Amino acid sequence: MERPERPIADAAGRAARPYRAVDTLAIMQRRGSITAPMRQAGEDFRARFAVAQLDPLRAVDLSHLRLGERAPNGDRDGPGLRIEAARTAVWRAIQAVGGLGSPAGSCLWHVLGWEQSVKEWALEQGWSGRRVSQEAAAGILIAALGALESHYVAKDSVRKPHFTLDKSGLM
């Protein structure tokens with residue numbers, strides 16, 4: 001929790017400086033532990049995880065139920081297909097970092113997907129049910145974000161060579 005640098009308007013329009021929750025990825029980027037592309041990869045994973053509805057069991061939001069009505073475009077399976085596509089994307093990302101049983105996969109699932117703190121994951125879940133230190137857990141998350149970034153870059157674009165040769169064949 002932290003206070004914003006400048007006052008913001010509250011509901012009544014008065015200046016206020018409320019506390020706000022700071023995201024794990026934002027803190028890590030601010031400290032220099034991860035890069036902006038690594039943070040973006042984590043944010044993308046988190047967004048896909050939310051669309052995939054893989055979070056722990058909770059009550060159904062009754063305001064979003066569709067009871068026998070069709071979508072305006074006639075696509076009855078639209079939301080279901082979107083959820084399945086997000087689940088596939090999450091599964092591929094987890095596989096790209098070593099699978100759900102790997103430290104990186106477990107960390108992504110619990111810390112980014114279920115939004116546990118790194119400390120909670122380290123103490124409660126850890127790697128295959130074994131506790132890990134908070135420092136090791138942070139290192140696992142950093143490595144997982146690096147692998148995740150590589151997965152998204154490789155998937156979205158053609159990889160560029162790490163070096164180029166000039167006309168003489170030298171770098």
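**Buried serine, aromatic cluster, helix faces**

Ser-102 counts as buried, because its relative accessibility is 12%. Buried here means under 20% relative accessible area, exposed means over 50%, and partly exposed is in between (1.4 Å probe, protein chains only).

A word on the source. This is a predicted model, in which local features need pLDDT of at least 70 and side-chain atom pairs count only at pLDDT 80 or more, while totals for chains, interfaces and linings use all residues. Residues are numbered from 1 along each chain as its sequence is written, and side-chain values use heavy atoms, without hydrogens or water.

Back to the serine. Where does Ser-102 lie? In the loop between helix H3, residues 78-96, and H4. Helices are DSSP runs of H or I, at least four residues, numbered from the N terminus. What does the side chain of Ser-102 reach? The backbone oxygen of Gly-99, at 2.7 Å. That is a polar contact: N or O atoms within 3.5 Å, one able to donate a hydrogen and the other to accept it, with sequence neighbours counted only if both atoms are side-chain atoms.

Next, helix H4. H4 covers residues 103-113. How many of the eleven residues of H4 are buried? Ten, so H4 is largely enclosed by the rest of the structure. Here is the roll call. The buried residues of H4 start with Ala-104, Gly-105, Ser-106, Cys-107 and Leu-108. They continue with Trp-109, His-110, Val-111, Leu-112 and Gly-113. Keep Trp-109 in mind.

Now the aromatics. How many aromatic pairs does a search of the whole structure find? Two. Rings of Phe, Tyr and Trp (its six-membered ring) pair if their centres lie within 6.5 Å; planes under 30 degrees apart are stacked, over 60 edge-to-face, the rest tilted.

Take Phe-45 and Phe-49. Their ring centres are 5.9 Å apart and their planes meet at 40°, so this pair is tilted. Both phenylalanines sit in helix H2, residues 36-52. Being four residues apart there, Phe-45 and Phe-49 are separated by about one helical turn. Phe-45 is buried, and Phe-49 is too.

Phe-49 also pairs with Trp-109. This pair is edge-to-face, with 4.8 Å from centre to centre and 80° between the planes. The pair links distant parts of the chain: Phe-49 in H2 and Trp-109 in H4 are 60 residues apart. Phe-49 and Trp-109 are both buried. Put the pairs together, and Phe-45, Phe-49 and Trp-109 form a cluster linked by ring pairs.

On to what follows H4. Trp-114 lies in the loop between H4 and H5. Buried, exposed or partly exposed? Trp-114 counts as partly exposed, because its relative accessibility is 34%. How far apart are the C-alpha atoms of Trp-114 and Ala-50? They are separated by 9.0 Å, although the two residues are 64 apart along the chain.

Then comes Glu-115, just after H4. Glu-115 is in the loop between H4 and H5. Its phi is positive, about 60°, although it is not a glycine. Glu-115 counts as exposed, because its relative accessibility is 55%.

Gln-53 is another residue to check on the backbone plot. Its phi is positive, about 55°, and Gln-53 is not a glycine either. Gln-53 lies in the loop between H2 and H3. At 45% relative accessibility, Gln-53 counts as partly exposed.

Last stop, helix H1. H1 runs over residues 24-31. Which residues of H1 are buried? Leu-25, Ala-26 and Met-28. They cover an arc of only 165° around the axis, which puts them on the same side of H1. The arc is taken from the directions between the helix axis and the C-beta atoms. What does the face of H1 turned away from the buried side carry? The exposed residues Arg-30 and Arg-31.

The ends of H1 deserve a look too. Asp-23 caps the N-terminal end. One of its side-chain oxygens lies 3.2 Å from the backbone nitrogen of Leu-25. Just after H1 comes Gly-32, with a positive phi of about 90°.

To recap. H4 is largely enclosed, because ten of its eleven residues are buried. Phe-45, Phe-49 and Trp-109 make the cluster. In H1, Leu-25, Ala-26 and Met-28 are buried, and the face turned away from them carries Arg-30 and Arg-31.

Notes. Helices (H or I, at least four residues) and strands (E, at least two) are DSSP runs, numbered from the N terminus.
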